[in-house]
Amino acid sequence: MKLIIGNKAYSSWSLRGWLACRQSGLTFEEVVVPLYDDEWDRRREGDEFAPSSGKVPILWDGEAVVWDSLAIVDYLADKVGREPFWPADEAARAMARSMAAEMHSSFAALRRKHTMNVRQVYPPVTPDEDVRADLTRIFELWAQARARFGSGGDFLFGEFGAADIMFAPVCTRIATYSLPTPRFAAAYVMAVLQHPFMQDWIAGAQEEEWVIEKFEQPVA
């Protein structure tokens, strides 16, 4: 398998696809493509990117190609079994799938105003109202998952899985922008950031030479 991703410092969707590949336990080749460099438009027109219209992450497995991080999760679960990704309990699995899907399609204000940058920690500021609404909903989801199904470990459903993969970039944003976080959620954020896969990703981001200026300014 070959996974094409963007800059580890900035690419939240790439992080999700990469975590899914690591979680699968399968061997894969990692290809990092700098976002928005001088070759970006030309590169996106190449055959490897054609199925996704140039978006990352994109996973090639022989003739099979999968793009979109949630689709990558599902594809890998088909290959290795759903146990590494989804809870065994039916009720927990239903909630985990719903949370992953909501993360996939929601929280536009948080995404737009607090872009991912795992190399920075900015001084705290008061988030805009729409960002606070996104955070409130996210913390509600986390609290419900932890209360109902999280007693078996430090993650949303006890063991690290697909729901945590989908929310991992939110955890980086909370840390980067010093966003106000209730105590239980801060503990969860720390657990995610300290996961060995996340530590590997963050270390890789620190080694990158590329800087994208529009992602390097603190959000007022």
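Reader: Which residue in β4 is the bridge partner of I58?

Author: Strands are DSSP runs of E with at least two residues, helices are runs of H or I with at least four residues, and both are numbered from the N terminus. Two strands pair if DSSP finds at least two bridges between them. Here the partner of I58 in β4 is W67. β3 and β4 pair in the antiparallel sense, over four bridges. This is a predicted model, where local features need pLDDT of at least 70, side-chain atom pairs count only at pLDDT 80 or more, and totals for chains, interfaces and linings use all residues. Residues are numbered from 1 along each chain as its sequence is written, and side-chain values use heavy atoms, with hydrogens and water left out.

Reader: Which residues are the bridge partners of L3 in β2 and in β3?

Author: In β2 the partner of L3 is E30; in β3 it is L59. β1 (residues 2–5) runs parallel to β2 (residues 29–32), with four bridges between them. With β3 (residues 58–61), β1 pairs in the antiparallel sense over three bridges.

Reader: What is the order of the strands in the sheet?

Author: The order is β2-β1-β3-β4, in an open sheet of four strands with mixed pairing. β2 and β4 (64–67) are at the edges and have a single partner strand each, so one side of each lacks a neighbour in the sheet. From one strand to the next the twist averages 15°, where angles run from 0 to 180 degrees between N-to-C directions and axes are lines fitted to C-alpha atoms, for helices over the stretch in contact.

Reader: Which strands does α1 touch?

Author: Contact means heavy atoms within 4.5 Å. Helix α1 packs on the sheet and touches β1, β2 and β3, its direction making about 160° with that of β1. Helix α3 (residues 69–80) also packs on the sheet. The strands touched by α3 are β1, β3 and β4, and its direction makes about 135° with that of β4.

Reader: Where is K79, and which residues does K79 touch?

Author: K79 lies in helix α3. Leaving out residues up to four places away in sequence, K79 touches M1, L26 and D61. The side chains of K79 and D61 make a polar contact (3.0 Å); the term means a pair of N or O atoms within 3.5 Å, where within protein one must be able to donate a hydrogen and the other to accept it, and residues adjacent in sequence count only if both atoms are side-chain atoms.
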